[in-house]
Amino acid sequence: MASIADSNAVPVADQHQPKGENKQKNEGRNRRVLKDIGNLVAPQADPAPNAPKRVTRNQLGGTQLLANAQAAAAAAEKNKKPNNTDVVGNFVAATKVDQPQPAKKPTTEPEVIIISSDDEDEEKEKQAVKGGRKIRERVLKGKNNKAFSSVLSARSKAACGIVHKPKELVENIDVADTENELAAVEYLDDIYNYYKLTEHDGRVHDYMSSQPDINVKMRSILVDWLIEVHRKFELMPETLYLTLNIVDRFLSMKAVPRRELQLVGISSMLVACKYEEIWAPEVNDFVCISDNAYVREHILIMEKSILSKLEWYLTVPTPYVFLVRYIKASTPSDKAMENMVFFLAELSLMHYPTVISYCPSMIAASAVYAARCTLERSPYWTETLKHYTGYSEEQLRDCAKIMVNLHSAAPESKLRGVYKKFSSSERSAVALVTPAKNLSAAQS
């Protein structure tokens, strides 16, 4: 029989024992003695043999735990049996005993460990991040240097004479009316965009060729008289501009005899008064102002004829709605500026070629431009006016020249209704101001 002490003998399992127990015995037989775990800590080369290591508290805690684990393993190994065998059931399995590795000799100089606080490390990291952020901001803002391409681009533009002037700011002319509910500031832009789109619907074109009995001079006489009637009745400015629009639109649709031209004028003003005024003049007032040239029935019949021809379409953008807006955009605006604009606008309404050649918004913008030139407001045209009117200075120059020429001829004209109206102190006597020299016929 083979000796049990033979290390090469394989123990025979008991036949009465179940297979599961044999498996457990085989597993127990292959167990080995616990020895040092070498893969826990990878050896690292020291940068300098005598340089002190700088570790944090977290790193020191990990080192202490590793040393404790190694000490516990060594103590467990000493407490094992001297024969270093494992007993499994009735058999004793011999195991190979590994020789303990000799301990390393301590170095002559002890290793110095400098403990640094985690708070200090975090503070240094924050300072480094802040420093990098400040440097990046300086670079982005261009404090330290400029991109080479931007320098070349600036030099090229300077060499070519391309210099960008600072853009003039557009003033918000409605900022003072924000709290005024009646001003309807939220809708003003949409309202005037609509006026611009529909102003051609109420605009008239040359109709004198279809009028066999009246001419341009007769129309000018009628307009001059209506301006005086308007002033005598102390009516709203909107009424005058709507009256003249109704007269021109009706004359463009129906031929009128010379004797009824004045009747068309007073009937048109009656319609406009009912549309614009709170207290409109009565029909008898118009009979009296026409020196009883017509009776009440004549005026009412003509009123009905006018409304029928115009199809009751009276909501049209006249030059007045644009004048109010553009005067507000002509900052700073005062009473003299406002009266000069209305003076030039009414002179242009008497001038038939201007009415048929230019739309209401351009007439209003040209009146503002000519008034600024006459009163020597610098600059003559601003970015604010260009923004709100939609016209440049070059687009308005021709129409403004016509208005300045009318201003120059007003003192010598036989039709002095507008000139007399704006020569009074109530209107700042703007008709007496010298016309704009830069837009006069001599400079053309």
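Contact here means heavy atoms within 4.5 Å. The model is predicted: local features need pLDDT of at least 70, side-chain atom pairs count only at pLDDT 80 or more, and totals for chains, interfaces and linings use all residues. Residues are numbered from 1 along each chain as its sequence is written, and side-chain values use heavy atoms, with hydrogens and water left out.

**View 1. P281 sits in the loop between helix 8 and helix 9.** Leaving out residues up to four places away in sequence, P281 touches F233, L235, L270, C273 and F286. Its relative accessibility is 14%, so P281 counts as buried. Buried means under 20% relative accessible area, exposed over 50%, and partly exposed in between (1.4 Å probe, protein chains only). M269 lies 12 residues from P281 along the chain, and their C-alpha atoms are separated by 9.6 Å.

**View 2. The whole chain has 17 helices and 4 strands.** Helices (H or I, at least four residues) and strands (E, at least two) are DSSP runs, numbered from the N terminus. Of the 444 residues in the protein chain, 34% are buried. Among contacts with a separation of 6 or more, 76% join residues 24 or more positions apart.

**View 3. Helix 8 covers residues 261–276.** Of its 16 residues, 12 are buried, so helix 8 is largely enclosed by the rest of the structure. The buried set runs L261, L263, V264, G265, I266, S267, S268, M269, L270, V271, A272 and C273. The cover over these residues includes helix 6 (216–232), helix 7 (237–251), helix 9 (283–289) and helix 10 (296–310). The expected span of a helix is 1.5 Å times one less than its number of residues. For helix 8 that gives 22 Å, and the end C-alpha atoms are 23 Å apart, which agrees.

**View 4. Helix 7 is also a buried element, with 13 of its 15 residues buried.** Helix 7 is therefore largely enclosed by the rest of the structure. Its 15 residues should span 21 Å; the end C-alpha atoms are 22 Å apart, which agrees.

**View 5. Helix 14 (residues 360–374) has an expected span of 21 Å.** Its end C-alpha atoms are 21 Å apart, which agrees. Here 15 of the 15 residues are buried, so helix 14 is largely enclosed by the rest of the structure. C373 is buried, at a relative accessible area of 3%. E376 follows helix 14 and has a positive phi, near 55 degrees.

**View 6. Helix 6 meets helix 12 (residues 335–350), with axes that come within 9 Å and cross at roughly 145 degrees.** Helix 6 contributes R219, S220, V223, D224 and I227 to the contact, and helix 12 contributes E346, L349 and M350. By class, the contact has 4 nonpolar, 1 polar and 3 charged residues. Ala, Val, Leu, Ile, Met, Phe, Trp, Tyr, Cys and Pro count as nonpolar, Asp, Glu, Lys and Arg as charged, and the others, Gly among them, as polar. Axes are lines fitted to C-alpha atoms, for helices over the stretch in contact, and angles run from 0 to 180 degrees between N-to-C directions.

**View 7. F343 is one of the core residues that touch the most other members.** The largest nonpolar core holds 92 residues, and I246, I299, L323, V341, L344 and V368 share that rank with F343. A nonpolar core is a set of buried Ala, Val, Leu, Ile, Met, Phe, Trp, Tyr and Cys residues joined through side-chain atoms within 4.5 Å. Leaving aside neighbours within four places in sequence, F343 contacts H407, V418, Y419, F422, V430 and A431.
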